[in-house]
Amino acid sequence: MSEDALVNTGATRWPGPAEAAVRVRKMQNKLHCWATEQSGRRFDDLYNLVCDPAFLVVAFDRVARNKGAQTPGVDRATVAKIGSEAGVTAFLYQLRAQLKARGFAPVPVRQVMIPKASGKLRALGIPTVADRVVQAAVKLVLEPIFEADFAPVSYGFRPNRRAQDAIAEIHHFTTKSYQWVLEADIEACFDNIDHVALMDRLRRRIGDKRVLALVKAFLKAGVMTTTGTREGTITGTPQGGILSPLLANIALSVLDDHFTRQWQSMMATVQQRQKRRYHRKANYRLIRYADDFVVVVTGEKEDAEALRHDVVDVLAPVGLRLSPEKTRVVHIDEGFDFLGFNIRRMRKRGSHKHFVYTRPSRQALASIKDRVRVMTYRHTLHQDPGYLMEYLGRVLRGWANYFRHGVSKRIFTAIDSYAWERITAWLRKKHRMGWPELRRRFCLPGTWRLAHDGQRFRGAASVTVTRYRYRGYRIPTPWPPTGDRA
């Protein structure tokens, strides 16, 4: 295959992961460029790409590298089991044959209930490995097309975007007189998306009826509950599927498009925003991460309250509504929690100036303390001290890496102090020893810094706190805007 040729959907040779990744990336570049240059274009003949060996190889590789690769669906098959029994190539060959013959049919997902921070349970749907591979292949085809249409105000489950970008944008606007915040959450978003409305938004870009039928089949596959009964899925897309986040973003793009149109038509320039403020009209900006979003507002509290009703009207056609418990209007001086951060404007110590600070929320602090406490309970006394320190260090550093772009240094030190107290109490219980012996055996010479076999315990405070630069509209997609053209 030449570098400029289309993907050869009739190829019989299965490429390796590296070769397949190159071929898929080239095709994605083309799809993204075509979608960007022609905003109204509907794409046909995409089903052959879903069946293409390169796309299936890349899809399987992503499924195999996922941390849930060893979690089985209703057929009890895992990636390791497939590799040891049938073999990956034979598995993909059979899967491709089913797709090309239009004989592939998704099976119900296996329901797993996991606890939420609120104490409630969240239902996750675990598809079979075959369904995951096909979903990943469909996502490889659809994502570059819809990324050309997605507004820059959304950050969740999108390539090259992360939670810190959403926090940086909120910080950027709240430091520029956007003092009122509509903090909102969509109630059971993944469970309530209207299938008809979602398919209508898909048809705006996708003309291949075979791909549309495949997506609809995944939506209607049903759920095998924990009690062993099968339930149909009239609405929603099962949370846990590879394709579900992309479908949710497509459905929620109705909210992004609504606010983006208003921003571009009435508030895009400094002059427009100043004119609106002169006439006592509010300026506002949406920042969304998956089903959590905020609208920052200049003006009065009533302006933010009015936007709540606007949001309700926009979400209603896609079957979604706001959660009454998690939706409220707050002033930036009161502060609010978003994506684990607490964002609040406060007076800087030693001055009369006020700044917007972002730091870990109380809930985030309670969560990491719970992790430390569970790992240092009495029932863990059988573990090796070196393993405990190494594991807790990785947990604390991983947690701190997420929050390192906030005002977090003192919080990191406080978390390490809490971990020090728990670990030393654990060591004293395990070895039944006093403080002098503990200092001699488990601390660096002449200090109280924990160590084991000469390796110092490194917790959250070892992570450097750095500033995260607001990237605005400059966040690139993985596919260059001037990709290869046929």
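User: In this predicted model, where is Ser 408 found?
Analyst: The model is a predicted one. Helix H15 covers 385-403 and helix H16 covers 409-431. Ser 408 is found between them, in the loop between H15 and H16.

User: Is Ser 408 buried or exposed?
Analyst: Buried means under 20% relative accessible area. Ser 408 has a relative accessible area of 1%, so the residue counts as buried.

User: Which residue has the backbone oxygen that the side chain of Ser 408 reaches?
Analyst: Leaving aside neighbours within four places in sequence, Ser 408 is in contact with Pro 360, Phe 403 and Val 465. The side chain of Ser 408 comes to 2.8 Å from a backbone oxygen, and that oxygen belongs to Phe 403.

User: In what order do the 4 strands of the open sheet stand?
Analyst: The pairing in this sheet is antiparallel. Strand E6 (283-289) and strand E8 (328-331) each have a single partner strand, so they stand at the edges, with one side of each left without a neighbour in the sheet. From one strand to the next the twist averages 20°. The order is E6-E7-E3-E8.

User: What is the bridge partner of Trp 180 in E8?
Analyst: Strand E3 takes in residues 180-185 and pairs with E8 in the antiparallel sense, over 4 bridges. Within E8, the partner of Trp 180 is His 331.

User: How many bridges join E6 to E7?
Analyst: E6 and E7 form a hairpin with 2 residues between the strands, where Ala 290 takes a positive phi near 55°. One bridge pairs Asn 283 with Thr 298 in E7. The two strands run antiparallel, and the number of bridges joining them is 7.

User: How many of the 7 residues of E6 are buried?
Analyst: Helix H11 (residues 244-267) lies across E6 and strand E7 (292-298), at about 155° to E6. E6 is largely enclosed by the rest of the structure, because its count of buried residues is 6 of the 7.

User: How are H11 and H12 oriented to each other?
Analyst: The axes of H11 and helix H12 (residues 270-278) come within 8 Å and cross at roughly 85°. Angles of 65 to 115 degrees count as roughly perpendicular. The two helices are therefore roughly perpendicular.

User: How many charged residues does the contact of H11 with H12 have?
Analyst: On the H11 side are Trp 263, Gln 264, Ser 265, Met 266 and Met 267, which meet Gln 272, Arg 273 and Arg 276 in H12. By class, the contact has 3 nonpolar and 3 polar residues, and the number of charged residues is 2.

Notes
Residues are numbered from 1 along each chain as its sequence is written. This is a predicted model: local features need pLDDT of at least 70, side-chain atom pairs count only at pLDDT 80 or more; totals for chains, interfaces and linings use all residues. Side-chain values use heavy atoms; hydrogens and water are left out. Buried means under 20% relative accessible area, exposed over 50%, partly exposed in between (1.4 Å probe, protein chains only). Contact means heavy atoms within 4.5 Å. A polar contact is a pair of N or O atoms within 3.5 Å; within protein, one must be able to donate a hydrogen and the other to accept it, and residues adjacent in sequence count only if both atoms are side-chain atoms. Two strands pair if DSSP finds at least two bridges between them. Axes are lines fitted to C-alpha atoms, for helices over the stretch in contact, and angles run from 0 to 180 degrees between N-to-C directions. Angles under 35 degrees count as roughly parallel, over 145 as roughly antiparallel, 65 to 115 as roughly perpendicular and the rest as oblique. Ala, Val, Leu, Ile, Met, Phe, Trp, Tyr, Cys and Pro count as nonpolar, Asp, Glu, Lys and Arg as charged, and the others, Gly among them, as polar.
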